[in-house]
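Open your viewer, switch to a cartoon and keep the sequence panel handy. We'll go stop by stop, with something to select at each one.

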Amino acid sequence: MATPSSSFSVLLLLAAAICLILLPDSAHATPVDFQYCVDEVLYRVSVYEVDITPYPAVLKKPITFNISASTVVNIQAGEVEMEVYDGKIRLYSGTTELCKGDIHCPILPGYFDLSEVRTIMLPSGPFYTVKMTLRETGRFELTCISFKLPSRFVPLRAQ
Ligand SMILES: *[C@@H]1O[C@H](CO)[C@@H](O)[C@H](O)[C@H]1NC(C)=O
């Protein structure tokens, strides 16, 4: 006969199984928490959402960073700088053109989407911090945000 404690264990197992089924699929975009580098009011570009795919990231493989943002100024040309920090130590930095692929410049005031694909050649770590800066070429910083980048280890043979 089932004792109260054994039926409790069965309930726990069931609950755990349900949690596993409901876990988000890492192939889908996950909005991440981000912070502005300084007060948002100082920036001409506001960020609404940051999605990272896959999430957690797999380092040494392409990672897609999708950003939804809006601008209050025309952006004639610009660049996207991404820096990866381990604490205060900068381990990676790379800058690409803002106006490329699906992004046609000038970007007029209003909403726009940014999709950055980066391959970050770092060993998998539980957490890095990414700092992403949008600059209008040769001019001011349009926006700057930072967010945590958890990464997951994928064994070489599984790649
Ligand atoms: C990221 O943005 C690109 C370009 O807009 C889009 O094709 C892709 O589906 C987006 N990825 C996710 C996971 O939202």
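Where is Lys-60 found? Select Lys-60 and you land in the loop between β3 and β4. Before going further, note that this is a predicted model, where local features need pLDDT of at least 70, side-chain atom pairs count only at pLDDT 80 or more, and totals for chains, interfaces and linings use all residues. Residues are numbered from 1 along each chain as its sequence is written.

**Stop 1: the loop between β3 and β4**

Stay on Lys-60 and check its backbone: phi is positive, about 70°, although Lys-60 is not a glycine. Most residues other than glycine have a negative phi, and most peptide bonds are trans. Lys-60 counts as partly exposed because 16 other C-beta atoms lie within 10 Å. For that label, 20 or more other C-beta atoms within 10 Å of a residue's own make it buried, 12 or fewer make it exposed, and anything in between is partly exposed, with C-beta atoms placed from the backbone.

Now pick Pro-54, which lies in the loop between β3 and β4. The peptide bond joining Thr-53 and Pro-54 is cis, with omega about -10°. For another cis bond, select Cys-105 and Pro-106, where omega is near 0°. Pro-106 sits in the loop between β6 and β7.

**Stop 2: zoom out**

Colour by secondary structure and you get one helix and nine strands. Helices (H or I, at least four residues) and strands (E, at least two) are DSSP runs, numbered from the N terminus. Walking from the N terminus, the order is α-β-β-β-β-β-β-β-β-β. Of the 159 residues, 19% count as buried. Among contacts between residues at least 6 apart in sequence, 64% join residues at least 24 apart; two residues are in contact if their C-beta atoms, placed from the backbone, lie within 7 Å.

**Stop 3: β4 and its partners**

Select residues 62–71, strand β4, and show side chains. Which residues point to the buried face? Ile-63, Phe-65, Ile-67, Ala-69 and Thr-71 do, while Pro-62, Thr-64, Asn-66, Ser-68 and Ser-70 point to the other face and are not buried. In a regular strand the side chains alternate between the two faces of the sheet.

Add residues 45–53, strand β3, which pairs with β4 in the antiparallel sense over eight bridges. Strands count as paired if DSSP finds at least two bridges between them. To find one of these bridges, pick Glu-49, whose partner in β4 is Ser-68. Then add β7 (residues 110–119), which pairs with β4 antiparallel over ten bridges. Here Asn-66 stands opposite Ser-115.

From Asn-66, draw a distance to Pro-31: the C-alpha atoms are 9.2 Å apart, with the two positions 35 residues apart in sequence numbering. Pro-31 belongs to strand β1 (residues 30–31), and it is partly exposed, because it has 13 C-beta neighbours inside 10 Å. Leaving aside neighbours within four places in sequence, Pro-31 is in contact with Glu-49, Val-50 and Asp-51.

**Stop 4: the core**

Next, select Ile-52, Ala-57 and Ile-67, the residues with the most contacts inside the largest nonpolar core, which has 26 residues. A nonpolar core is a set of buried Ala, Val, Leu, Ile, Met, Phe, Trp, Tyr and Cys residues joined through C-beta atoms within 7 Å. The elements giving two or more residues to this core are β3, β4, β5, β8 and β9 (141–150). Centre on Ile-67 and, not counting residues up to four places away in sequence, you'll see it touching Val-47, Val-50, Asp-113 and Leu-114.

**Stop 5: the five-stranded sheet**

Finish with the open sheet ordered β2-β9-β8-β5-β6, with antiparallel pairing. β2 (34–36) and β6 stand at the edges with a single partner strand each, so one side of each is left without a neighbour in the sheet.

Start at the β2 edge: three bridges join β2 to β9, and Gln-35 stands opposite Ser-146 in β9. Further in, eight bridges join β5 (residues 78–86) to β8 (residues 127–136), with Val-84 opposite Val-130. At the other edge, β5 and β6 (residues 89–97) pair over eight bridges, and Glu-79 has Glu-97 as its bridge partner in β6. Last pick: Gly-87, in the turn of the β5–β6 hairpin, where two residues separate the strands and the phi of Gly-87 is positive, about 65°.
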